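Colleague: Please pick one part of this model and walk me through it closely. I'd like the packing spelled out, with the cut-offs as you go.

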Amino acid sequence: MHRSTARYRVHGRPDGPIRARLRELAALKRRYGYRRLHVLLRREGVCVNHKCVERIYREEGLSVRRRKRKRAAGVRAETWLPATAPDQRWSLDFVSDALWWGRKLRMLTVVDTYTRESLAIEVDTSLSGARVARVLDRVIAGRAVPGEIVMDNGPELTSKALDQWAYERGVRLRFIAPGKPQQNGFVESFNGKLRDECLNEHWFTTLYDAREKVEAWRMEYNRERPHSSLQNRTPEEFRRSLTQRLDPVGLSQ
């Protein structure tokens, strides 16, 4: 038979077992796309290529729905000049943990990006945008109003309550780009220390117990923990050195 007259006849194998297993995995991993589901199938020993998985994935209508994100009206910038004075720029973020019996906890962390001071760690089971504004007012009562605040695009931080708070006090809200936590690196680094040195070291029996232990750690962080970026001084020592340098006469009185 001449090669030009030969035709390949497709011998399709039944894909019923693969289709059934793909539906099961998609139900368990609802936010996985076909590529990750293909990896799971291969780990289970299913010999199938990604094209076949993609075809079945689409035929079964398993596509992941994209979640719409609320866009804030603040300024988005990938880079900006570093802070050069206390209270010039603060950073906000949230940390999650739980009580010993499973009740979830939320923690709002506020950091001065120049002095590295932990200005507040608010602990509760939930924290709304209005609650964030009240925490900031409490911090401002003992300090100056910040020039700007860097934060992510969480619903609490893009709320109307916080936007109104910033407008009334002349504070600029700067939102990092989606998926770019490194743009808020100071508070991310602080949260890592909070997790490693406090949250992973304690069991919290009650909400009051969690607030007490977290606040004790915050005081230790500001007053006792040396920072290599501050020439091994604590954040409070660094801030006092700035005050003495700017107004030595006033301090001596």
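**Around helix α3**

Modeller: α2 and α3 lie oblique to each other, because their angle falls outside the other classes (under 35 degrees is roughly parallel, over 145 roughly antiparallel, 65 to 115 roughly perpendicular, the rest oblique). Bear in mind that this is a predicted model, where local features need pLDDT of at least 70, side-chain atom pairs count only at pLDDT 80 or more, and totals for chains, interfaces and linings use all residues. Residues are numbered from 1 along each chain as its sequence is written, and side-chain values use heavy atoms, without hydrogens and water.

Back to the pair: α2 spans residues 34–43 and α3 residues 50–59 (helices are DSSP runs of H or I, at least four residues, numbered from the N terminus). Their axes come within 9 Å and cross at roughly 120 degrees (lines fitted to C-alpha atoms over the stretch in contact, angles from 0 to 180 degrees between N-to-C directions). The crossing is right-handed (near helix turned clockwise from the far one by less than a right angle). Tyr34, Leu37, His38 and Leu41 of α2 touch His50, Val53, Glu54 and Tyr57 of α3 (contact: heavy atoms within 4.5 Å).

α3 also packs on α1 (residues 16–28), at about 65 degrees with the axes 10 Å apart, so those two are roughly perpendicular. That crossing is right-handed as well. Here Ile18, Arg19 and Leu22 of α1 meet Val53, Arg55, Ile56, Tyr57 and Glu59 of α3.
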